[in-house]
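User: Please take a close look at one part of this model, the contacts that its middle chain makes, and describe them in one connected answer.

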Amino acid sequence: MLNKRCGKQSIGFVNQPVIISTANIGGPMEGEGLQSKYFDIIMKDNINDLNSWEQCESYMLEQVITRASEKISGSVENLEFILAGDLLNQLMSTHFAMRTLARPFLGLYGACSTMIESMMIGAMMIDGGFANLLAGAASSHHDAAERQYRFPTELGVQRPPVAQWTVTGAGAAILSSTGSGPKLTYATVGKIVDMGIKDPNALGPAMAPAAVDTLITHFSDTGRNPNYYDMIFTGDLGYIGKEMVIKLCAEKGLDLSNNYEDCGCMIYKEEQDTHAGASGCASSAVVFCGYIYQMLCKKNYGKILLVGTGSLHSPTSYQQKESIPCIAHALAIEV
Amino acid sequence: MQKKKVTEKLKKQYQDKVDKIIPKPPIMKNLLWAFLVGGIICTIGQFVQDYFISMEIGKKDAAACTSVVMVFLGASLTGLGVYDEIGKRAGAGSVVPITGFANSIVACAMEFKREGFVFGIGAKMFVIAGPVIVYGLVTAFIVGIIHWFRVFY
Amino acid sequence: MQEYVIAFAVGGIICMIGQLLMDLTNLTPAHVLVLFVVMGTILGGLGWYQPLVELGGAGATIPLTGFGNSLAAGTLEGVDKYGFLGIFNGALSATASGMMAAIVFGFLMAVIFNPKG
């Protein structure tokens with residue numbers, strides 16, 4: 001039995017899965033931001049003539065999975081499995097999207113790390129010979145998330161400077177055992193890290209220690225160091241979380257100052273006044289399934305490390321005065 | 001125990017690091033906006049109250065009518081989607097006046113409308129206003145009990 | 001004219017206190033609302049809020065502290081008039097119009113309008 005384990009928490013893929021297609025979608029605010037050229041679909045508003053935010057989020061997931069399949073001249077029917085998730089209670093939007101798509105499905109909750117988690121588990125399924133073609137996807141919707149985690153959307157609240165804006169969007173990536181394209185080479189499964197941050201408006205600083213823990217473990221497991229990669233991306237730490245990661249890594253002897261960016265800092269323009277940047281499953285999903293994937297295909301990037309970050313609190317845990325447990329998963333993608 | 005103490009110390013150190021780099025809210029700007037918007041809403045209330053007093057219905061009834069009008073104002077602006085825009089800049093200037101109380105009721109009721117009339121609008125309208133009513137009334141009850149003792153004993 | 005300026009100033013200052021609480025502590029708007037109502041009720045019970053109402057007019061009655069004051073004033077009046085029963089019926093009687101308006105208009109606006117996000 002071939003041992004694909006690598007160090008403490010990592011996996012080295014032998015039958016390296018290929019990312020053969022991606023697709024992404026965003027709301028109007030995302031469409032006016034820094035990623036505007038890299039969206040497949042930009043919606044005209046946040047509800048798209050549907051009856052609720054949640055239905056709109058389901059629509060977004062359906063669209064990206066369908067579009068990604070169409071790009072490889074296939075249909076959703078060809079997908080052997082779909083792994084997907086969102087931020088809502090009981091993965092509401094995902095389940096109704098999967099009801100429409102009607103493919104074998106595994107639901108995942110990794111909060112904002114769901115996109116990376118779905119690709120990671122999908123890669124394991126392909127490398128293990130359990131599948132040849134599957135899709136990993138994730139979505140988030142600003143208004144659906146606000147309504148569940150924070151306040152109703154018409155309530156006159158002031159967001160503090162450290163708050164991040166949940167992205168309205170979705171991304172899907174199709175993984176295959178054959179074909180050409182960027183390959184998944186290593187995965188590092190994160191463990192929950194909780195450094196006692198209780199403020200659900202400060203998710204970037206809450207998640208930073210988890211990202212650093214996974215980064216350090218990844219480098220020690222694989223024997224690589226940060227400058228092996230052309231770029232390291234984290235999912236949605238925002239400006240403050242990003243600064244924290246650089247600081248904490250420097251304290252551990254890792255220099256991330258040259259080749260590190262956070263997807264949450266790559267979505268909105270400063271004048272869109274989102275404060276500390278973007279968050280949500282869609283933060284990493286839309287940036288990876290658009291800009292990063294296109295850069296990999298054009299070979300502008302040869303080797304990247306994608307670290308999905310998730311804050312695993314709930315409205316109940318917050319009200320019970322618990323702090324915010326966080327997790328980060330890393331995927332090495334190389335051309 | 002030792003491990004727990006060490007972890008608590010590390011958490012405190014991290015919290016301190018975070019507190020150093022988290023941007024502070026622009027307090028001066030926020031205070032100015034709160035003062036202006038809160039002041040304007042109260043001035044509008046004064047206008048309304050003076051109008052009712054001029055109709056010679058008595059001071060108490062005038063005050064009651066004023067609160068009805070201000071609640072209507074807050075509710076309408078919330079329904080039109082304007083109140084949250086005001087609140088973004090005004091902060092406490094829009095939360096503290098009674099219009100803010102109306103905003104909390106309408107915003108919650110509107111948001112959860114999709115969950116139906118009973119459990120959506122009916123139940124959820126009190127998500128934020130409920131505690132206000134509960135603790136206001138409980139405090140008033142205590143005031144009443146103390147006053148009753150003082151008067152009757 | 002002068003009463004408008006004073007109303008503006010008193011109301012503005014009360015809102016500034018709320019803003020300081022929101023910016024310098026972990027209190028959310030909901031916490032501030034509850035705190036202000038309770039403070040208004042206590043100050044009203046002690047008889048310390050009425051002078052502010054005499055001075056500031058709507059500047060003192062429009063903020064939620066004024067609502068708390070009405071709850072206290074109504075309770076005190078109820079006890080004076082009805083004795084023990086006044087503890088129970090005083091507060092809601094005094095604030096009946098405001099409460100009714102909040103619930104009825106709240107319902108109405110929720111039926112007519114949809115959240116815009």
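Analyst: What follows covers one helix of chain B, then the contacts of chain B with chains C and A. The model is predicted.

Helix α8 of chain B runs over residues 129-152. Its 24 residues reach 34 Å from the first C-alpha to the last, close to the 34 Å expected at 1.5 Å a residue. The buried residues of α8(B) are Ala129(B), Val132(B), Gly136(B), Thr139(B), Ala140(B), Val143(B), Gly144(B), His147(B) and Trp148(B). Within chain B, these buried residues pack against α6 (98-111); from chain C, they pack against α2, α5 and α6.

The contact between chains B and C involves 61 residues of chain B and 59 of chain C. On the chain C side, the elements that give two or more residues are α1 (2-24), α2 (29-46), α4 (58-61), α5 (64-82), α6 (85-94) and α7 (96-112). Among them, α1(C) gives the most, with 14 residues. By class, this side of chain C holds 38 nonpolar, 17 polar and four charged residues.

Chain B also touches chain A, in a contact that takes 26 residues from chain B and 22 from chain A. Here the elements of chain B that give two or more residues are α1 (2-21), α4 (83-90), α5 (92-95) and α6. The most come from α6(B), which gives seven residues. The side of chain B that touches chain A divides into 12 nonpolar, nine polar and five charged residues. Helix α6 of chain B thus appears twice: the buried residues of α8(B) pack against α6(B), and α6(B) gives the most residues to the side that touches chain A.

Notes: Residues are numbered from 1 along each chain as its sequence is written. Chains are lettered from A and ligands numbered from 1 in the order in which they are written. This is a predicted model: local features need pLDDT of at least 70, side-chain atom pairs count only at pLDDT 80 or more; totals for chains, interfaces and linings use all residues. Two residues are in contact if their C-beta atoms, placed from the backbone, lie within 7 Å. Helices (H or I, at least four residues) and strands (E, at least two) are DSSP runs, numbered from the N terminus. Ala, Val, Leu, Ile, Met, Phe, Trp, Tyr, Cys and Pro count as nonpolar, Asp, Glu, Lys and Arg as charged, and the others, Gly among them, as polar. The expected span of a helix is 1.5 Å times one less than its number of residues. A residue is buried if 20 or more other C-beta atoms lie within 10 Å of its own, exposed if 12 or fewer, and partly exposed in between; C-beta atoms are placed from the backbone.
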